[in-house]
Number of protein chains: 2
Amino acid sequence: MAEQRKAPERKSSDERRDEIVRATLRLVAIKGFAGVTLREVATEVGVVHGLIRHYFSTRDDLVAAAFDFAVTSELSSDRAMLDGLDPVAALAGWLASTPEDHYRVWIDAWSEAGRTPALAAALDRHHRDCERILTAVIERVVDAGLGASANPAADSRLLTAVADGVAVQHHGIAAIGVTEANDIVFGVAERQLGLAPGTLARANPAPARGQWAEGAALLAR
Amino acid sequence: MAEQRKAPERKSSDERRDEIVRATLRLVAIKGFAGVTLREVATEVGVVHGLIRHYFSTRDDLVAAAFDFAVTSELSSDRAMLDGLDPVAALAGWLASTPEDHYRVWIDAWSEAGRTPALAAALDRHHRDCERILTAVIERVVDAGLGASANPAADSRLLTAVADGVAVQHHGIAAIGVTEANDIVFGVAERQLGLAPGTLARANPAPARGQWAEGAALLAR
DNA sequence: TCTGGTGTTATACAACTGGACAATAACGCT
DNA sequence: AGCGTTATTGTCCAGTTGTATAACACCAGA
């Protein structure tokens, strides 16, 4: 019997790799790092699961790459946004609530990092990036004479913690709404940096929208 | 060939059920809610995996019961501790850093709740409990004339968020040590409630020790 | 002594997993 | 046109998973 083989839609290596990483991230945003399956990723991409192994030697490599891509792209777009804003608006924009699917990935990374070394390394790296970015934003506010900070790096860690905790209450538990979430973070930041109450809420630019989980079947699993 | 059957160590229903829940929690603290396996739980208890089903009709029921037990026992011992302390010490004790294995379970619950309805229900319930307890502690501080709060419930949500975020930075990412973790939470609380700086650090009672993950093989998986 | 409930074991099973690999088809280069 | 490279496929594998079920051991009560 003649071999009846579908003609493969051949793509360049980088293109396909990117496609796989994006599909993985989409699934991670829904089912978590521990829940993604090579076969599901392959189906999402539209290829056979054996092909995944051609690009990523192991499953952990794949999910770590997905997280790396998530944060890298998130931060690069954030940096672009921050550059176009005045210091106070940049601070508000950075501290304001993040799209749900983005924070889902972060929360999942926190819990999974203890068991996946590759993920822990990426998490550590990107967490420091975030702290540095916020430190720079704080310094811009201070340099412009709009606020005060005895230790911008320490204040950055403090505000990062507050933003993370608020995001958990908002996205993970739905204990607070987006308004109260922003109120809390803005309030602490204003008190910590000596800004007038309400400054950050007024300066807050339009929020970014999530995108990772949009195309996938949300009710899967 | 004669049947060689080990004589079963028969226990009462409640006893065995409790044993299973505790073993599950021990494993959850190490491998996460998504990582526990009925067979591992059974091995940890020393029974056959089929027996688990005799007590919990489904896997999700089991892990939800484990989380429920975790928080219930944690809160009951916390309540006992708080009752014996003066208001400021109680506030410091509640806000101070929590044992690592305890927070691991919380972080994991945050990320897994989106996919396990039973877990989401338990998480929601216990989160509200925590908020109520902290609200009561804040009210005790205010009633004693030691601090001020325009809205104890809102301040409770704020401080819960800060404590959670700091715990993530401390336990999940190891970005800050226990000293800075407490400094941040205490500092925000003192500013928010009008306490003199350093009040909470001085009043902080001895920290509680973790216990859930102590007996299990830490390098498993 | 029979009977029924219950704690417990043993075993089965169908689904799914990550990984491995040979075969094949398209591509890039000369 | 020929040839080496590689993207892609289909298939296999050994293992693990949650769930199911039958059988056994023990005990209380009729």
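Mentor: A polar contact is a pair of N or O atoms within 3.5 Å; within protein, one must be able to donate a hydrogen and the other to accept it, and residues adjacent in sequence count only if both atoms are side-chain atoms. What you're looking at is a predicted model, where local features need pLDDT of at least 70, side-chain atom pairs count only at pLDDT 80 or more, and totals for chains, interfaces and linings use all residues. Residues are numbered from 1 along each chain as its sequence is written, chains are lettered from A and ligands numbered from 1 in the order written, and side-chain values use heavy atoms, leaving out hydrogens and water.

Trainee: So how far is a polar side-chain atom of Y55(A) from a phosphate oxygen of DNA strand D?

Mentor: Start with R16(A), which puts a polar side-chain atom 2.9 Å from a phosphate oxygen of that strand. For Y55(A), the distance to a phosphate oxygen is 2.8 Å.

Trainee: Which element gives the most to the surface near DNA strand D?

Mentor: Chain B joins in too, with a side-chain N or O atom of R53(B) 2.5 Å from a phosphate oxygen of the strand. Two or more residues come from each of α1 and α3 of chain A and α2 and α3 of chain B. (Helices are DSSP runs of H or I, at least four residues, numbered from the N terminus.) The top contributor, with five residues, is α3(A).

Trainee: How much of the strand's contact with the protein comes from sugar and phosphate?

Mentor: Around DNA strand D there are 24 residues, K11(A) and H49(B) being among the closest. Of the strand's atoms that come within 4 Å of the protein, the share from sugar and phosphate is 64%.

Trainee: What span should α1(B) have, at 1.5 Å a residue?

Mentor: The expected span is 1.5 Å times one less than the number of residues. α1(B) has 19 residues, and its end C-alpha atoms are 27 Å apart, which agrees with the expected 27 Å.

Trainee: And which residue with a positive phi follows α1(B)?

Mentor: α1(B) has buried residues such as I20(B) and L27(B), covered by elements including α2 and α6 of chain B. Right after the helix, with phi near 85 degrees, comes G32(B).

Trainee: Is F67(B), in α4(B), buried or exposed?

Mentor: Buried means under 20% relative accessible area, exposed over 50%, partly exposed in between (1.4 Å probe, protein chains only). Not counting residues up to four places away in sequence, F67(B) touches, among others, F33(B), W106(B) and H126(B) (heavy atoms within 4.5 Å). Along with L62(B) and L82(B) of the same helix, F67(B) is buried.

Methods: A residue is near a molecule or strand if one of its heavy atoms lies within 4 Å of it.
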